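Welcome to a short set of exercises on reading a protein fold. Keep the structure open beside you and try each task before you read its solution.

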Amino acid sequence: MINAIVLIDAEANRIPETAQAVADLDGVDTVYSCAGDVDLVAVVRVRDHEKIADVVTRGINKIDGVTKTVTHIAFQSYSSADVEAGFSIGN
């Protein structure tokens with residue numbers, strides 16, 4: 001599974017509708033509304049790189065209210081549970 005994080009700039013008056021439209025796309029796992037440099041962050045989970053291109057360029061970028069996207073491909077996932085397990089002595 002390939003994970004991508006898509007940073008989305010949206011028209012301010014359309015953020016809720018835009019977020020829901022993004023969330024409804026196949027391949028989009030989660031959408032967060034944010035404070036800061038971007039309006040929305042979408043987590044895309046798909047089987048291959050071509051599908052990421054499809055979700056972003058033919059999906060997210062075509063949604064009314066989306067003004068810009070920046071896509072980051074995730075190489076490896078880390079979580080606090082993984083770190084904790086690495087230091088566990090098996091008690």
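**Exercise 1. Place the helices over the strands.**
Find out which strands H1 lies across, and do likewise for H2.

*Solution.* Keep in mind that this is a predicted model.
Step 1: Start with H1, which lies across S1, S2, S3 and S4. Its direction makes an angle of about 165° with S2.
Step 2: Turn to H2, which also lies across S1, S2, S3 and S4. Here the angle of about 165° is the one to S4.

**Exercise 2. Write down the order of elements.**
How many helices and strands does the chain have, and what pattern do they follow?

*Solution.*
Step 1: Count the elements: there are 3 helices and 4 strands.
Step 2: Walk along the sequence and note each element as you meet it; you should get β-α-β-β-α-β-α.

**Exercise 3. Build the sheet.**
In what order do the 4 strands stand in the sheet, and which strands are at its edges?

*Solution.*
Step 1: A general reminder helps here: strands of a sheet pair through backbone hydrogen bonds, either parallel or antiparallel.
Step 2: In this model the 4 strands make an open sheet, ordered S2-S3-S1-S4, with antiparallel pairing.
Step 3: The edges belong to S2 and S4 (66-73); each has a single partner strand, so one of its sides has no neighbour in the sheet.
Step 4: Ignoring direction, neighbouring strands are turned by 20° against each other on average.
Step 5: Look at one pair in detail: S1 and S3 are joined in the antiparallel sense over 7 bridges. Asn-3, for example, is found opposite Arg-45 in S3.

**Exercise 4. Look into the core.**
How many residues make up the largest nonpolar core, and which element gives the most to it?

*Solution.*
Step 1: The largest nonpolar core has 20 residues. Those with the most contacts inside it are Ile-8, Val-22, Val-28, Val-44 and Ile-60.
Step 2: Check the contributors: S1 (2-10), H1 (15-23), S2 (28-33), S3 (40-46) and H2 (49-57) each bring at least two residues. S1 gives the most, with 5 residues.
Step 3: Zoom in on Val-28. Setting aside neighbours within four places in sequence, Val-28 touches Val-22, Ala-23, Ala-42, Val-43, Val-44, Val-55 and Ile-60.

**Exercise 5. Consider the whole chain.**
What percentage of the 91 residues counts as buried?

*Solution.*
Step 1: Take buried to mean under 20% relative accessible area. By that cut-off, 30% of the 91 residues are buried.
Step 2: Now the surface: the chain has about 6,200 Å² of accessible area, and carbon and sulfur atoms hold 50% of it.

Conventions:
Residues numbered from 1 in each chain as written. Predicted model: local features only at pLDDT ≥ 70, side-chain atom pairs only at ≥ 80, totals over all residues. Heavy atoms only, no water. Buried < 20%, exposed > 50% of the residue type's maximum accessible area, 1.4 Å probe, protein only. Areas by Shrake-Rupley, 256 points an atom, 1.4 Å probe, with all protein chains shown as cover. Core = buried A, V, L, I, M, F, W, Y, C linked by side-chain atoms within 4.5 Å. Contact = heavy atoms within 4.5 Å. Pairing = 2+ DSSP bridges. Axes fitted to C-alpha atoms, helices over the stretch in contact; angles between N-to-C directions.
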